[in-house]
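Below are some comments on the model, set out as numbered points for checking against the coordinates. They deal with the pockets, with one helix and with a few backbone angles.

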Amino acid sequence: MTTFRERFEEIGLTWPAITPADFPFKPAIRIDNIVYISGQIPEIGENIAFTGKVGDAVGIEDAKKAAEICAANILFWLSEELAGDISRVVQIAKVTVYINAVAGFSEFSAVGNGASELLLNILGNRGKHARAAIGMAGLPLNVPVEVDAIIHIS
């Protein structure tokens, strides 16, 4: 069995270290063969990697990196649901990328590519997905990006 963590290491990425927060919701919930992942922020351990609005304090490349971290955190919680077994992923079905941007910013798709590219790098064709990249007036903790996902599993 190949694990999510092993796949990260194979391509030279660091496995996320997330400290579970005490929220009134779950980071991931499985219903039958679908796992819903709550919105993930660019959190590394107990630290937030990026804060601020995209197009102001945060440039496109940093925003794209923030989206990548969010996607890595999605895979962390998916791994928790699947006891690490990456082979149980059938398909990433839908990803939504929320971007905390200044008025007039329009490069939402470029920012969202950070999340999409990581999912493809880790899962190959099983990482292809439908996606929305949406501009927001603000996000929790003033992060530049938040990403959630719906994943089909076996």
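1. Helix α2 provides 5 residues to the lining of the second largest pocket, which is the largest share that any element gives to this lining. The model is a predicted one, and the comments that follow should be read with that in mind.

2. The second largest pocket holds about 240 Å³ of space and has 15 lining residues, of which T14, P16, I44, I69 and A72 lie nearest its centre. Besides α2, strand β3 (43–44) also supplies at least two residues of this lining. Sorted by class, the lining of the second largest pocket comprises 9 nonpolar, 3 polar and 3 charged residues.

3. Does the length of α2 agree or disagree with what its residue count predicts? The helix runs over residues 60–81, and its 22 residues, taken at 1.5 Å a residue, should span 32 Å; because the C-alpha atoms at its two ends are 32 Å apart, the model agrees with the expectation. Just after this helix, A83 adopts a positive phi of about 50°, a point at which the backbone may be worth a look in the viewer.

4. The largest pocket contains about 370 Å³ of space. Its lining is made up of 18 residues, and those that lie nearest the centre are A21, F23, F25, G39 and E43. Strand β2 (residues 34–40) contributes 3 residues, the largest share of the lining of this pocket. The class division for the largest pocket is 11 nonpolar, 4 polar and 3 charged residues.

5. Which loop holds D32? The residue is placed between β1 (28–31) and β2, and its phi is near 55°, a positive value in a residue other than glycine. D32 has a relative accessible area of 70%, and because this is over 50% the residue counts as exposed.

6. A further positive phi in a residue other than glycine is found at N142, where the angle is near 60°. N142 belongs to the loop between β6 (130–136) and β7 (145–153). Is N142 exposed, partly exposed or buried? Its relative accessibility is 39%, which lies between the limits of 20% and 50%, and N142 therefore counts as partly exposed.

7. For a reader going through the model, the two loop residues can be taken together: D32 lies in the loop between β1 and β2 and is exposed, whereas N142 lies in the loop between β6 and β7 and is partly exposed.

Technical notes
Residues numbered from 1 in each chain as written. Predicted model: local features only at pLDDT ≥ 70, side-chain atom pairs only at ≥ 80, totals over all residues. Heavy atoms only, no water. Helix = DSSP H or I, 4+ residues; strand = E, 2+ residues; numbered from the N terminus. Expected span 1.5 Å × (residues − 1). 1 Å grid on protein atoms, 1.4 Å probe; cavity = no way out; pocket = protein on both sides within 12 Å on 5 of 7 lines; lining within 4 Å. Points joined across faces, edges and corners; volume = space filled by probe spheres on them. Nonpolar A, V, L, I, M, F, W, Y, C, P; charged D, E, K, R; others polar. Buried < 20%, exposed > 50% of the residue type's maximum accessible area, 1.4 Å probe, protein only.
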